[in-house]
Amino acid sequence: MKYWLMKSEPSAYSIDDLKRDKKTSWNGVRNYQARNYMRDEMRVGDKVLFYASNADPAGVSGIAEIVREAHPEKEEPWVMVDLAFVEKFPAVVPLDTLKTTRGLENMVVTRKGSRLSVQPVTKPEFDIVTKLGRK
DNA sequence: GCCAACGTTGGC
DNA sequence: GCCAACGTTGGC
């Protein structure tokens, strides 16, 4: 099983929206690297850190799961996957915490200028963030 | 809302 | 294939 981090601006789609909808099609990704991760590597059952960007604070707000593999959007050459709600953390794990927590030094999201909206995450990283989020 | 960092586009 | 111009992202 693989682990991921996916970004969304809460004003566009938040963890609360996902909780309400139960599942959603993750459309609108317009970056080739992000698309390739979705198209080539995401499998049903993979777990996702749901990241709120452009938020106060920006950070991981919960967990989702891949429930459908990549399928085409109307607009070529883009694809979407389907996500299901898993849990919402009691509080957002802020980006600042991710940056200062041991074991998360290599997370893509903590790197300066990182704009990739779909990123791979290691299992240890996923577990650390989950533990922080449930506190 | 600002603006630095980044990705994409398109002229050459 | 280079790279300047442009558009977008996302932290602050």
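The following legends describe close-up views of a predicted model of chain A with DNA strands B and C.

**Figure 1. Overall fold of chain A.** The secondary structure of chain A consists of four helices and six strands. Along the sequence these elements follow the pattern β-α-β-α-β-β-β-α-β-α. The C-alpha atoms fill a box of roughly 40 × 30 × 30 Å, taken along the principal axes. Chain A has a radius of gyration of 14 Å, which agrees with the value near 14 Å that a compact globule of 135 residues would have. Of the 135 residues, 47% count as buried.

**Figure 2. Residues of chain A around DNA strand C.** DNA strand C is surrounded by Lys7, Tyr51, Ser53, Asn54, Ala58, Leu95, Lys99, Ser114 and Arg115. Of the atoms of DNA strand C that come within 4 Å of the protein, 57% belong to sugar and phosphate. By class, the residues of this surface divide into three nonpolar, three polar and three charged.

**Figure 3. Polar contacts to phosphate oxygens of DNA strand C.** The side chain of Lys7 places a polar atom 2.9 Å from a phosphate oxygen of DNA strand C. For Tyr51, an N or O atom of the side chain is 2.7 Å from a phosphate oxygen of this strand. Arg115 takes part through its backbone, with a polar backbone atom 2.7 Å from a phosphate oxygen of DNA strand C.

**Figure 4. Residues of chain A around DNA strand B.** Asn31, Tyr32, Lys112, Gly113 and Arg115 are the residues around DNA strand B. Sugar and phosphate make up 59% of the atoms of DNA strand B that come within 4 Å of the protein. A polar side-chain atom of Lys112 lies 3.1 Å from a phosphate oxygen of this strand. The surface near DNA strand B comprises one nonpolar, two polar and two charged residues. Arg115 is listed around DNA strand B and also around DNA strand C.

**Figure 5. The largest pocket and its lining.** The largest pocket has a volume of about 330 Å³. Its lining comprises 15 residues, and those nearest the centre are Lys7, Ser8, Glu9, Trp26 and Asn27. Strand 1 (3-8) and strand 2 (23-26) each supply at least two residues of the lining. Strand 2 gives the most, with three residues. By class, the lining divides into four nonpolar, eight polar and three charged residues. Lys7, one of the lining residues nearest the pocket centre, is also among the residues that surround DNA strand C.

**Figure 6. Arg111 in the loop between helix 3 and strand 6.** Arg111 is found in the loop that links helix 3 (95-100) with strand 6 (118-121). Arg111 counts as partly exposed because its relative accessibility is 46%, a value between the limits of 20% for buried and 50% for exposed. The C-alpha atoms of Arg111 and Lys99 are separated by 8.5 Å, and the two residues are 12 residues apart along the chain. Lys99 is itself one of the residues that surround DNA strand C.

**Figure 7. Val86 in strand 5.** Val86 is placed in strand 5 (residues 79-94). With a relative accessibility of 33%, Val86 counts as partly exposed. Val86 and Arg43 are 43 residues apart in sequence, and their C-alpha atoms are 16 Å apart in space.

Key: Residues are numbered from 1 along each chain as its sequence is written. Chains are lettered from A and ligands numbered from 1 in the order in which they are written. This is a predicted model: local features need pLDDT of at least 70, side-chain atom pairs count only at pLDDT 80 or more; totals for chains, interfaces and linings use all residues. Side-chain values use heavy atoms; hydrogens and water are left out. A residue is near a molecule or strand if one of its heavy atoms lies within 4 Å of it. A polar contact is a pair of N or O atoms within 3.5 Å; within protein, one must be able to donate a hydrogen and the other to accept it, and residues adjacent in sequence count only if both atoms are side-chain atoms. Ala, Val, Leu, Ile, Met, Phe, Trp, Tyr, Cys and Pro count as nonpolar, Asp, Glu, Lys and Arg as charged, and the others, Gly among them, as polar. On a 1 Å grid over the protein atoms alone, a cavity is a set of points where a 1.4 Å probe fits but cannot get out, and a pocket is an open set with protein on both sides within 12 Å along at least five of seven lines; lining residues have an atom within 4 Å of a point. Grid points are joined across faces, edges and corners, and a volume is the space filled by probe spheres set on the points. Buried means under 20% relative accessible area, exposed over 50%, partly exposed in between (1.4 Å probe, protein chains only). The radius of gyration is taken over C-alpha atoms; the globule rule is 2.2 Å times the number of residues to the power 0.38.
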